[in-house]
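This report goes through the structure shown below element by element, with attention to burial, strand pairing and enclosed space.

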Amino acid sequence: MIDQAAAFLLRYARSRRPRRWRDRAHLEAWQERRIRRHVAQVRRRSPYYRELWDGIPDERWREFPQIDKSAMMANFERLNTAGIDREEAFAVAARSEHTRDFRPTIDGVTVGLSSGTSGHRGLFLVGPREQAAWAGAMLGRMLPGGLLRRCRIALFLRADSNLYESVGRGRLAFGFYDLLVPMEAHLERLERERPDCLVAPPSVLLRLARAAERGALRWRPRRLISAAEVLDPRDGERIEGAFGQVVHQIYQCTEGFLGCTCAHGTLHLNEDLVAIEREYVAGRPDTFVPVVTDFSRTTQPIIRYRLNDLLTLRREPCPCGSPFTALARIEGRCDDVFCAEPLAGGGTGPLIAVYPDFVTRAILAASPAIEQYRAIQIDAETWTIELDVAPAQRRSAEAGVQRELAALCRRLACRMPALQFAPYAAHHGPAKLRRVERRWQP
């Protein structure tokens with residue numbers, strides 16, 4: 001317990017001082033030392049990584065083969081350093097989700113399931129000391145005020161976790177708001193408990209913003225934090241307008257606490273916890289796929305793990321002065337890049353990538369009357385566009401979307417798909433909202 005408390009306080013204190021590095025070069029040199037020590041430890045403790053890295057010395061860790069979710073799950077028992085069996089871990093996590101009791105662990109190790117947005121659910125393991133350090137980093141970055149100030153935090157989650165309960169004591173109180181519970185019950189609870197900080201997916205924040213606009217929610221938090229889904233620009237503006245404050249963001253997934261916003265609202269990568277290599281997207285010099293090495297976790301080591309996300313760099317330096325990489329936005333998933341047939345060659349050449357950000361910008365530019373939207377690629381030639389728009393403005397909004405997407409296709413030299421318009425299907429429950437989704441596999 002003393003070890004966990006020390007890990008929490010140390011990580012909390014360090015997270016409150018993000019400018020302790022003189023410059024970017026100083027940060028990268030510090031990272032390199034930490035990573036080399038970390039991979040040496042992982043090599044000793046993980047049979048999977050030891051075999052994967054055979055013949056490659058620690059100082060050449062950037063040459064280690066990349067892994068992804070499928071490789072991690074296929075080698076789960078030999079990759080984790082706690083000797084935890086995959087089937088046992090799945091059973092514990094599944095039982096917790098069924099009973100909604102998320103306290104059970106395996107020998108003190110917290111077990112959880114990813115949301116499975118990509119179609120495959122993954123397991124994550126977090127040891128007691130890592131759990132405490134994670135809590136210290138999260139609260140150090142995102143907690144309004146400090147540890148000495150009382151703070152009640154409302155967490156709208158698909159599943160609760162020991163990660164939160166471990167620090168929910170004393171002056172800090174975490175409230176789990178289950179996404180399976182109807183929103184009306186949550187509104188009543190928020191008015192009753194009046195938490196200081198609200199953490200929720202953007203789709204939930206948007207519903208709360210609408211409740212605030214119509215007077216059904218009078219409570220206002222001191223801090224709003226978006227997590228788990230991509231924050232759409234228009235959604236962000238509406239949420240900020242309803243609550244009168246900046247929406248902060250957390251970039252976190254099974255692979256770690258990867259990023260969060262600073263006091264200026266800029267999303268930075270947490271490069272005191274993770275190293276992010278960049279696989280740049282062809283033709284888009286500021287957009288990349290991250291390859292993560294988390295040098296703060298040993299129970300389930302994450303070394304050169306390729307994510308399926310698309311991140312875009314911020315070109316202007318952030319006023320906060322942090323040496324951590326600043327992002328303009330998280331675009332979405334690689335799996336949701338639309339594929340269109342080229343104009344040249346009668347549509348028989350290589351498919352052209354239409355990135356989620358392109359689709360989002362085109363739809364948002366089509367009409368200010370569009371409240372919400374979804375774009376879904378059904379097959380090679382068909383996109384479904386769901387629009388939340390007043391009946392009197394639907395025809396003009398649909399015409400605007402048709403016009404903007406046609407202009408986008410001309411710029412990309414690809415064939416215009418057939419558009420199927422439909423009413424917006426309201427998003428409810430624990431599943432993550434994906435504004436741009438590809439359901440067709442080329």
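## Helix 7 and the largest nonpolar core

In this predicted model, helix 7 covers residues 128-142, and the distance of 21 Å from the first C-alpha of its 15 residues to the last is close to the 21 Å expected at 1.5 Å a residue. Because 13 of the 15 residues of helix 7 are buried, this helix is largely enclosed by the rest of the structure.

The largest nonpolar core comprises 62 residues, and those with the most contacts inside it are Tyr49, Ile67, Ile153, Tyr251 and Phe257. Helix 7 gives the most to this core, contributing eight residues. When neighbours within four places in sequence are set aside, phenylalanine 257 is in contact with Trp134, Ala137, Met138 and Arg141, and also with Ile250, Tyr251, Gln252, Asn270 and Leu273. Apart from the largest core lies another core, of 25 residues, which includes Ile352, Leu387, Val401 and Leu419.

## Strands 17 to 20

Strand 17, residues 372-379, has six of its eight residues buried, so it is largely enclosed by the rest of the structure. Its pairing with strand 18, residues 382-388, is antiparallel and is made through seven bridges, and the two strands form a hairpin with two residues between them. Within this pairing, glutamine 372 stands opposite aspartate 388, while tyrosine 373 stands opposite leucine 387 of strand 18. Strand 17 is also joined to strand 20, residues 436-438, with which it runs parallel over three bridges; here glutamine 377 has arginine 438 of strand 20 as its bridge partner.

Strand 18 is likewise described by its burial: six of its seven residues are buried, so this strand is largely enclosed by the rest of the structure. Strand 18 pairs in the parallel sense with strand 19, residues 418-423, over six bridges, and in that pairing tryptophan 383 stands opposite leucine 419 of strand 19. Leu387 and Leu419, which are named in these pairings, are among the residues of the 25-residue core. As a general point, the side chains of a regular strand alternate between the two faces of the sheet.

## Helix 2 and its packing

How does the span of helix 2 compare with what is expected at 1.5 Å a residue? The 22 residues of helix 2 should span 32 Å, and its end C-alpha atoms are 31 Å apart, which agrees.

The buried residues of helix 2 are Leu27, Trp30, Gln31, Glu32, Ile35, His38, Val39, Ala40, Val42 and Arg43. These buried residues pack against helix 3 (47-52) as well as against strand 10 (274-281), strand 11 (284-294) and strand 12 (302-306).

## The enclosed cavity

Rolling a probe the size of a water molecule over the atoms shows where empty space is left. A search of the whole structure finds one cavity of 30 Å³ or more, and the largest cavity has a volume of about 60 Å³.

The lining of the largest cavity consists of Arg11, Arg14, Arg20, Trp30, Arg34, Asp272, Leu273, Phe295 and Ser296. Helix 1 (2-15) and helix 2 (24-45) each supply at least two residues of this lining. Two of the lining residues recur elsewhere in this report: Trp30 is buried in helix 2, and Leu273 is in contact with phenylalanine 257.

## Two partly exposed acidic residues

Glutamate 240 is found in helix 11, residues 233-243. With a relative accessible area of 30%, glutamate 240 is partly exposed, because the partly exposed class lies between the limits of 20% and 50%. Leaving aside neighbours within four places in sequence, glutamate 240 is in contact with Gln245, Val246 and Val247. The C-alpha atoms of glutamate 240 and alanine 209 are separated by 8.3 Å, although these residues are 31 residues apart along the chain.

Aspartate 3 lies in helix 1, and at 43% relative accessibility it counts as partly exposed. Between the C-alpha atoms of aspartate 3 and arginine 103, which are 100 residues apart along the chain, the separation is 21 Å.

Key
Residues are numbered from 1 along each chain as its sequence is written. This is a predicted model: local features need pLDDT of at least 70, side-chain atom pairs count only at pLDDT 80 or more; totals for chains, interfaces and linings use all residues. Side-chain values use heavy atoms; hydrogens and water are left out. Helices (H or I, at least four residues) and strands (E, at least two) are DSSP runs, numbered from the N terminus. The expected span of a helix is 1.5 Å times one less than its number of residues. Buried means under 20% relative accessible area, exposed over 50%, partly exposed in between (1.4 Å probe, protein chains only). Two strands pair if DSSP finds at least two bridges between them. A nonpolar core is a set of buried Ala, Val, Leu, Ile, Met, Phe, Trp, Tyr and Cys residues joined through side-chain atoms within 4.5 Å. Contact means heavy atoms within 4.5 Å. On a 1 Å grid over the protein atoms alone, a cavity is a set of points where a 1.4 Å probe fits but cannot get out, and a pocket is an open set with protein on both sides within 12 Å along at least five of seven lines; lining residues have an atom within 4 Å of a point. Grid points are joined across faces, edges and corners, and a volume is the space filled by probe spheres set on the points.
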